[in-house]
Amino acid sequence: MKKILVLVFLLQLSLGFAQIKFDVKAVEKFQKEINTEYADAKTSPLMADDLATFNTLDFYPINEKFFVTATFVRTEKEKAFGMKTSTERTPSYVKYGEVHFTIDGQALKLNVYKNIELSKKKEFKDYLFLPFSDLSSGNESYIGGKYIDLKIPKGNTIAIDFNTSYNPYCAYNNKYSCPKVPLENDLNIEIRAGVKKFHD
């Protein structure tokens, strides 16, 4: 999981965080980079049988509707907690803030989190973790929801591109321990963007 987090984080650091407008080329680069990572036996989360036949991940069509400029609200005095995962592991996270945005006229809110241990590393000191699920989860999207990597904004707005949302490694291989999407981050809308589920 670490390598894909580094990949996506660095990619968005150079392309996503500075962008205030939708950028198709940034999404296409994200897709190319994640496919390259998954095709490489040294970095891929795929099981051997899947890797042997891997060509590309299945992506939703790139859609500007799922690029939003959200209002960022910093939440103060939050206590660290052990986030539930697909195993017994409970890594320490803290709710860092909330993002408020609108899609199809529907007002939506998600919490963003900071991984306590990861944030001690220089390259991840500004990293924010955005896990979410939606009405497509368990249908076209992975039942366990998806992730987006963000950076702490300097102001009170933050760009979120759901076209760069990706599956936990657990969607491909049950040997991994993946954070579960908190119930408060389940959206009552279909987010038909990013990586689709891998298997039926």
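**Figure 1. K109 and E98 meet in a salt bridge.** In this predicted model, a salt bridge joins K109 to E98, with 4.0 Å between the closest N and O atoms. K109 belongs to strand β4 (residues 106-115) and E98 to strand β3, so the pair ties together parts that are eleven residues apart in sequence. How covered is each partner, buried or partly exposed? K109 has a relative accessible area of 34%, so it is partly exposed. E98 is counted as buried because its relative accessibility, 16%, is under the 20% cut-off. As general background, side chains of opposite charge can pair when their charged atoms come close.

**Figure 2. E98 also pairs with K95.** Here the view takes in a second salt bridge, in which the side chains of E98 and K95 meet at 2.8 Å, N to O. E98 and K95 are both buried. Which residues end up in one network? Salt bridges with shared partners join K95, E98 and K109. For the tally, the structure as a whole holds five salt bridges.

**Figure 3. N111 sits beside this charged group.** Like K109, which is in strand β4, N111 has its place in that strand. Its side chain makes a polar contact of 3.3 Å with the side chain of K109. N111 is counted as buried because its relative accessibility is 4%. What does N111 touch, once neighbours within four places in sequence are left aside? Its contacts are K95, G97, E98, F129, L130, P131, E184 and N185. Two of these names, K95 and E98, are familiar from the salt-bridge network, and N185 is the subject of the next view.

**Figure 4. N185 is a buried residue in the segment after β7.** Strand β7 covers residues 157-161, and N185 is found in the segment that follows. With a relative accessibility of 0%, N185 counts as buried because that value is under 20%. What does the side chain of N185 reach? One of its polar atoms lies 2.7 Å from the backbone oxygen of P131. Not counting residues up to four places away in sequence, N185 touches L110, N111, Y113, L130, P131, F132 and S133. P131 therefore appears twice in this view, as a contact of N185 and as the owner of the backbone oxygen just described.

**Figure 5. Strands β1 and β7 run antiparallel.** How many bridges join β1 to β7? There are five, and β1 spans residues 67-74. One pair to look for is T71 and its bridge partner in β7, T157. Strand β7 is mostly covered, with four of its five residues buried. As a reminder for reading such views, the side chains in a regular strand alternate between the two faces of the sheet.

**Figure 6. R192 and E140 link distant parts of the chain.** The side chains of R192 and E140 meet in a salt bridge of 2.9 Å, N to O. R192 is in the segment after β7, and E140 is in the loop between β5 (127-132) and β6 (146-151), with 52 residues separating the two along the chain. R192 counts as partly exposed because its relative accessibility is 35%. E140, at 29%, is likewise partly exposed.

**Figure 7. S86 occupies a loop between two strands.** The loop holding S86 runs between β2 (81-82) and β3 (92-103). Its relative accessible area of 41% makes S86 partly exposed. Where does the side chain of S86 reach? It comes to 3.3 Å from the backbone oxygen of Y176. Leaving aside neighbours within four places in sequence, S86 is in contact with C170, Y176, S177, C178 and K180. For a sense of scale, the C-alpha atoms of S86 and N139 are separated by 20 Å, and the two residues are 53 apart along the chain.

**Figure 8. The whole chain gives context for the close-ups.** The chain has three helices and seven strands, and from the N terminus on its elements run α-α-α-β-β-β-β-β-β-β. Its radius of gyration is 16 Å, close to the 16 Å from the globule rule for 200 residues, so the chain is as compact as a globular protein of that length. The C-alpha trace spans about 45 × 35 × 30 Å along its principal axes. Of the 200 residues, 52% count as buried. The chain exposes about 10400 Å², and carbon and sulfur atoms supply 50% of it. Among contacts in the chain with a separation of 6 or more, 65% come from residues 24 or more positions apart.

Technical notes. Residues are numbered from 1 along each chain as its sequence is written. This is a predicted model: local features need pLDDT of at least 70, side-chain atom pairs count only at pLDDT 80 or more; totals for chains, interfaces and linings use all residues. Side-chain values use heavy atoms; hydrogens and water are left out. Buried means under 20% relative accessible area, exposed over 50%, partly exposed in between (1.4 Å probe, protein chains only). A polar contact is a pair of N or O atoms within 3.5 Å; within protein, one must be able to donate a hydrogen and the other to accept it, and residues adjacent in sequence count only if both atoms are side-chain atoms. Contact means heavy atoms within 4.5 Å. Two strands pair if DSSP finds at least two bridges between them. The radius of gyration is taken over C-alpha atoms; the globule rule is 2.2 Å times the number of residues to the power 0.38. Accessible areas come from the Shrake-Rupley method with a 1.4 Å probe; for residues, only the protein chains shown count as cover.
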